[in-house]
Amino acid sequence: MAVQESYSVASNPVYHEQSPLRVLFAGESQTKPQHVVGPKIYDYYLLHYVESGRGQFRSEQHTYELGAGSFFLIHPGRLVSYASDAKDPWRYRWTAFSGSAAKALVESAGFAGGQSVLATGGESFIPEAIRRITQAFYGKKESADMAALGHLYLIFAEAKDRLTDETGLTGTESQVRRTVKQMIHYLSAQYAHPVSIEQMSESLGYNRAYLSRIFKKETGMSPVTYLLKLRIDKSRQLLRERPELSIEQIAASVGLTDALYFSRQFKRLCGYSPSHYRDRIAASPGAGPESRR
């Protein structure tokens, strides 16, 4: 039976030229046998999800034979081509995006270097996300741009989970590193609050003793020491940049409600009391941050 060729695309009705990340368009196509695109380059990212059929995707480094459930990402500025199978031509959905933050999004999901292809096994939210982007653009509402970005992030969240599994990052050693990164992120986000290591352990779902052990092994210091040093570093910044704040206000701003304890720890780590440190800064306005420690 002959394949009925189809093609549809919807462009983003809202365009913010200065936006760091923007979805440009989305669509779907049932290709005809041996339908070929390229070789060509694009000046934006273009991802495809194969819903059915088969085809070949060729990047500058590799050639991939792909089927239903496959996802391939075209990076801007790279020569690519792709062609549908002669007997079982593929049907796919696609979406394009660009912006100064696009590369960081792609790489954070694991598509760094020559990585371009992902196999989902067919159980994936990605085609539904692309469909919803298309629907949002056809609706032509002012919210379409925001909705599209939300679905784009969900696409790369799923891709990141799958690529992490594929590359074996769930091994014991890598899991430890990832957990320590989670701890650092947690402490960096919560240092301004009177957070405790017990609260962090509960939030991350691990035993405190285990977290303390792996954190010290990876960083050379305990989580308690790391948190204190982080708070003191932030307080030094406030002492330099906000001279109108009192010592008590600065202590509270870095999560230490006891100003006396804060002053003792500051002097222990920096060699000066907070007040003396601030006086030194005032006395040497031409000095850089490193010389003011």
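User: Leaving aside its neighbours within four places in sequence, which residues is I155 in contact with?
Analyst: In this predicted model, I155 is in contact with L47, F71, I126, A129, I130 and I133.

User: Okay, and which core residues have the most contacts inside the largest nonpolar core?
Analyst: Those are L47, F71, L73, F97, F111, I155 and F156, in a core of 30 residues. So I155 shows up here along with two of its partners, L47 and F71.

User: Which helices and strands each supply at least two residues of that core?
Analyst: On the strand side, strand 2 (22–30), strand 4 (45–52) and strand 7 (70–74) do. On the helix side you have helix 1 (102–108), helix 2 (126–139) and helix 3 (144–166).

User: Which one gives the most?
Analyst: Helix 3, with eight residues.

User: What other core lies apart from it?
Analyst: Another core of 29 residues, and I214, L228, C270 and I281 are among them. As background, nonpolar side chains tend to be buried together in soluble globular proteins.

User: Let's zoom out. How many helices and strands are in the chain?
Analyst: The chain has 10 helices and 10 strands.

User: What radius of gyration does the chain have, next to a compact globule of 293 residues?
Analyst: The chain comes out at 26 Å, while a compact globule with that many residues would be near 19 Å. Along the principal axes, the C-alpha atoms fill a box of roughly 85 × 45 × 35 Å.

User: What share of the residues is buried?
Analyst: Buried residues make up 42% of the 293. As for the surface, the chain exposes about 15800 Å², and carbon and sulfur atoms supply 50% of that.

User: New topic: S98. Is S98 buried or exposed?
Analyst: S98 counts as buried because its relative accessibility is 13%, and the cut-off for buried is under 20%. This serine sits in strand 9 (residues 91–98).

User: What is S98 in contact with, leaving aside neighbours within four places in sequence?
Analyst: P20, L21, R22, L24 and Y44.

User: And where is Y206?
Analyst: Y206 is in the loop between helix 5 (197–204) and helix 6 (208–219). At 30% relative accessibility, Y206 counts as partly exposed. Not counting residues up to four places away in sequence, Y206 touches Q175, T179, S201 and L211.

User: How far apart are Y206 and I281 in space?
Analyst: They're 42 Å apart, C-alpha to C-alpha, with their positions 75 residues apart in sequence numbering. I281 is one of the residues in that other core.

Terms used
Residues are numbered from 1 along each chain as its sequence is written. This is a predicted model: local features need pLDDT of at least 70, side-chain atom pairs count only at pLDDT 80 or more; totals for chains, interfaces and linings use all residues. Side-chain values use heavy atoms; hydrogens and water are left out. Helices (H or I, at least four residues) and strands (E, at least two) are DSSP runs, numbered from the N terminus. The radius of gyration is taken over C-alpha atoms; the globule rule is 2.2 Å times the number of residues to the power 0.38. Buried means under 20% relative accessible area, exposed over 50%, partly exposed in between (1.4 Å probe, protein chains only). Accessible areas come from the Shrake-Rupley method with a 1.4 Å probe; for residues, only the protein chains shown count as cover. A nonpolar core is a set of buried Ala, Val, Leu, Ile, Met, Phe, Trp, Tyr and Cys residues joined through side-chain atoms within 4.5 Å. Contact means heavy atoms within 4.5 Å.
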